[in-house]
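Please look over the sequence and the structure shown here before reading on. The briefing below then takes up a few topics in turn.

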Amino acid sequence: MRRRSSFTRSSPISGGKFTAGNKRKTALRCLKAAGKEWRDMLRRDYLVRMIEDMTEILGKVFALKQEKKTVEARTELDELYKRQFRLNSQLLGTLAAKDIVQMFRTGGEIEADKLQSLARLLEEEGDLLISSGERDEGISRWMKSLHLYLTSALSGADRSLWDWENKIAELRPLLKEYRLPAETGVLVFRYEEQEGRFDQAENVLFRLLEDGEISKDEGLAFYQRLLQLPPERLEAGGLPPDEVREGLAELESRF
């Protein structure tokens with residue numbers, strides 16, 4: 001009778017090979033995890049340095065603004081744009097908000113914390129422009145800032161970095177008399193839903209539908225998502241289940 005090879009049985013040798021393979025896989029997983037931790041640490045370190053730099057310059061800008069030295073304040077901001085983002089005020093003034101967002105997309109993901117940092121500078125520049133009498137340019141900067149804050153919020157940005165929740169809440173009333181670009185309006189709708197303010201999201205949705213700035217399918221998807229939530233969560237969001245169904249019926253009949 002032919003003798004079976006010892007390598008086909010659960011022998012110490014075969015078991016050793018299996019264990020070695022597992023060890024290699026485990027080591028690779030550990031290396032990947034360590035690499036991610038290292039990248040996260042470097043990213044956090046970079047962000048801390050950037051925030052420190054920005055905070056220092058924004059303090060100078062504030063002091064210059066108090067002294068009515070608007071030109072000097074804008075120069076400080078422009079240098080900060082160049083140093084931290086390799087951009088300048090003139091270029092940011094000509095680019096659409098959605099195009100600025102694309103510049104902060106890496107490997108299919110948005111660098112949300114860098115983007116909200118740029119939003120903070122655009123917000124400050126808007127203040128300076130308006131205080132110096134350039135209202136249209138200032139409003140344009142504020143609109144871009146709002147768009148970037150919203151995109152950051154929807155892309156997992158750190159809330160504590162620049163307090164984007166309050167920044168969004170401050171900018172929206174300042175822009176209420178102006179028509180937001182369609183892309184920004186859609187972001188407002190998605191943001192309100194993300195934050196659990198379903199009644200506000202619905203109000204924005206219908207305005208967008210009336211202006212033809214969002215598809216009916218996206219509205220239907222919104223109501224379908226809501227119908228999957230517990231009644232108590234809908235109540236907390238200002239849109240109880242019966243009102244969700246009413247809204248869905250209105251959407252289907254009107255659009």
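**Briefing on helices, salt bridges and a charged patch**

E250 and R254 sit four residues apart in helix 13, a spacing of about one turn of the helix. The model is a predicted one, and this pair is joined by a salt bridge whose closest N and O atoms are 2.8 Å apart. The points below begin with this pair, go on to helix 6 and its contacts, and end with a patch of negative charge.

**Helix 13 and its salt bridge**

- E250 has a relative accessibility of 33% and therefore counts as partly exposed, and R254, with a relative accessible area of 43%, is partly exposed as well.
- Elsewhere, salt bridges that share partners join K65, R120, E123, E124 and K167 into one network.
- An α-helix has 3.6 residues a turn, so residues three or four places apart point the same way.

**Helix 6**

- Helix 6 runs over residues 135–154 and has 20 residues, and the distance from its first C-alpha to its last is 29 Å, close to the 28 Å expected at 1.5 Å a residue.
- Helix 6 is mostly covered, since 15 of its 20 residues are buried.
- Just after helix 6 comes G156, which takes a positive phi of about 85 degrees.

**Salt bridges around R141**

- The count of salt bridges in the model comes to 22, and R141 takes part in one with E125, where the closest N and O atoms are 3.1 Å apart.
- E125 belongs to helix 5 (residues 112–131) and R141 to helix 6, so this salt bridge ties together parts that are 16 residues apart in sequence.
- E125 counts as buried because its relative accessibility is 3%, under the cut-off of 20%, and R141 also counts as buried, at 4% relative accessibility.
- R141 forms a salt bridge with E137 too, with the closest N and O atoms 3.0 Å apart, and in this case R141 and E137 both lie in helix 6, four residues apart, or about one turn of the helix.
- E137 is partly exposed, with a relative accessible area of 37%, whereas its partner R141 is buried.

**A119 in helix 5**

- A119 has its place in helix 5, and with a relative accessible area of 0% this residue is buried.
- The C-alpha atoms of A119 and K144 are separated by 7.4 Å, although the two residues are 25 residues apart along the chain.

**The negative surface patch**

- E232, E235, D242, E243 and E246 together form a negative patch on the surface.
- Two elements, helix 12 (231–236) and helix 13 (241–254), each give two or more residues to the negative patch.
- Helix 13 supplies three residues of the negative patch, which is the largest share.
- D242, one of the patch residues, has its place in helix 13.
- D242 is partly exposed because its relative accessible area is 40%, a value that lies between the 20% cut-off for buried and the 50% cut-off for exposed.

Key: Residues are numbered from 1 along each chain as its sequence is written. This is a predicted model: local features need pLDDT of at least 70, side-chain atom pairs count only at pLDDT 80 or more; totals for chains, interfaces and linings use all residues. Side-chain values use heavy atoms; hydrogens and water are left out. Patches are made of residues with over 30% relative accessible area and no salt bridge: like charges are joined within 9 Å, nonpolar side chains (Val, Leu, Ile, Met, Phe, Trp, Tyr) within 5 Å. Accessible areas come from the Shrake-Rupley method with a 1.4 Å probe; for residues, only the protein chains shown count as cover. A salt bridge is a side-chain nitrogen of Lys or Arg within 4 Å of a carboxyl oxygen of Asp or Glu. Lys and Arg count as positive and Asp and Glu as negative; His and the chain ends are not counted. The place of a charge is taken as NZ of Lys, CZ of Arg, CG of Asp or CD of Glu. Buried means under 20% relative accessible area, exposed over 50%, partly exposed in between (1.4 Å probe, protein chains only). The expected span of a helix is 1.5 Å times one less than its number of residues.
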